[in-house]
Amino acid sequence: MSTASPAVLEMIERLIAIETTSRLSNLPLIDALRSHFASLGADIAVSFNAEMRKANLLASIGPRNGSGIVLSGHTDTVPVDGQSWTSNPFVVRASEGKLFGRGVTDMKGFVAIASALAPEFLRRGLREPVQFAFTYDEEVGCLGVPGLIADMQNRGIAPRACIVGEPSMMEVVRSHKGKIGCHVTVTGLAAHTGVPHTGVNAIEAAAEAIACLKRIARRHRDQGPYAADFEAPPYTTIQHGLISGGIAVNTVPSRCEFDFDIRFLPGVDPLDIVREAQDFVTANVLPEMLAVSNDAGFSWDLVPGAEALDTLPHDPVIELAKRHARTDVVRRVGFGTEAGHFQKAGIPTVICGPGHVDQAHKADEFISLEQVARCEEFLRSLMDEVCVR
């Protein structure tokens, strides 16, 4: 069995040591990768968020013409707050054939492997370009990837394939659900609970909206549409994750806020679900609220998420990934990634990366050295296709 190379292990250690929890800046990591690719003579583009605290990195090596291939990953991670780690999450620990550290699976492992092998791509002489596309804030709504795709389009880069290295155990994922979120603010009118008719109960109004969304969720569960080959659940889901409101049990609450997310199958428009809930509120909840206070109402603020991915089973990008991953396994999964954004931009895209998604976001997140080695084998096999030697 092949083993992970020293250059890859060193790069994994470097990237894990730079904390890039989504609430923090990722610029130190981007600067480190930028220096790495600059030393290779790469054509580099960096795009920032509005506050200039986060950045994407697009590094192109090889010929400046030709369609080429994109190797994509995000640089941010989820927090370690409240998790019981047995070692420092920002110092890679090797034990029993595994590497432990925050982001080692999701997904600095792939970013490190691809970056560490970039010099080898160059030494073997590229016949078409390879783009290394690394983004910010995937974990909080795929906020960075639209800017990176815009950079590619502005530079006239039209790749023939994109490999997103999210953890898939080096199997090929052709399709996944999309995700959007929504933050709802309900404004009522405070009153003493002894005279509740003089107030507008924001919590009760919110509860009616939540109950409506639950009915819609049950309908999708019981009536579909379904995608039988999706990993469970094979239907669109709606979940409420946050709610707050009220100040005292004897006070009619004047405010309530709740959040929900929709994980939708390809072909389902999540905005239809939001509009159905809004129409229910307009017809059945708001009239009673407005009869007491003209200031009462609902505010629906959509939260960006992931585009659904749905690459056709016999698309050439799937055959490319299967060939180099040496697998016939092609899956459709429930978790979201940036892959759908690349596909929506017209770039044939699949997911194929090291590690298992079940290890992501947990204390003692790990990746096996066997998976690291398999990812190296995948990329070296890809070199056989895109390189002269």
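What covers the buried residues of α1? Among the elements that do so are α2 (27–38), β5, α3 (108–123) and α10 (369–386), where contact means heavy atoms within 4.5 Å.

This is a predicted model, in which local features need pLDDT of at least 70 and side-chain atom pairs count only at pLDDT 80 or more, while totals for chains, interfaces and linings use all residues. Residues are numbered from 1 along each chain as its sequence is written, and side-chain values use heavy atoms, with hydrogens and water left out.

**Helix α1**

Helices (H or I, at least four residues) and strands (E, at least two) are DSSP runs, numbered from the N terminus. A residue is called buried under 20% relative accessible area, exposed over 50%, and partly exposed in between, using a 1.4 Å probe and protein chains only. In α1, which spans residues 6–16, the buried residues are V8, M11, I12, L15 and I16. These residues lie on the same side of α1, because they cover an arc of only 125° around the axis; the arc is that of the directions from the helix axis to the C-beta atoms. In general, an α-helix has 3.6 residues a turn, so residues three or four places apart point the same way. P6 and E10, on the other side of α1, are exposed.

**Unusual backbone geometry**

Most residues other than glycine have a negative phi, and most peptide bonds are trans. Two residues that are not glycine have a positive phi here, E96 and M169, and they are listed below with the loops that hold them.

| Residue | Phi | Loop | Relative accessible area |
|---|---|---|---|
| E96 | about 50° | between β4 (93–95) and β5 (98–100) | 76%, exposed |
| M169 | about 60° | between β7 (161–164) and β8 (172–176) | 30%, partly exposed |

Cis peptide bonds also appear: one joins G224 and P225, with omega about 10°, and another joins A232 and P233, with omega about -5°. P225 belongs to the loop between α5 (202–223) and β11 (237–245), and P233 is placed in the loop between α5 and β11 as well.

**Cysteines without disulfides**

A disulfide is a covalent bond between the sulfur atoms of two cysteines, and here the term is applied to a pair of cysteine sulfur atoms within 2.5 Å. By this rule, the count is zero disulfides. The sulfur of C182 is 12 Å from the closest cysteine sulfur, that of C212, which is too far for a bond. C256 is likewise in no disulfide, with the nearest cysteine sulfur, in C182, 13 Å away. C182 is buried, at a relative accessible area of 1%, and C256 also counts as buried, at 1% relative accessibility.
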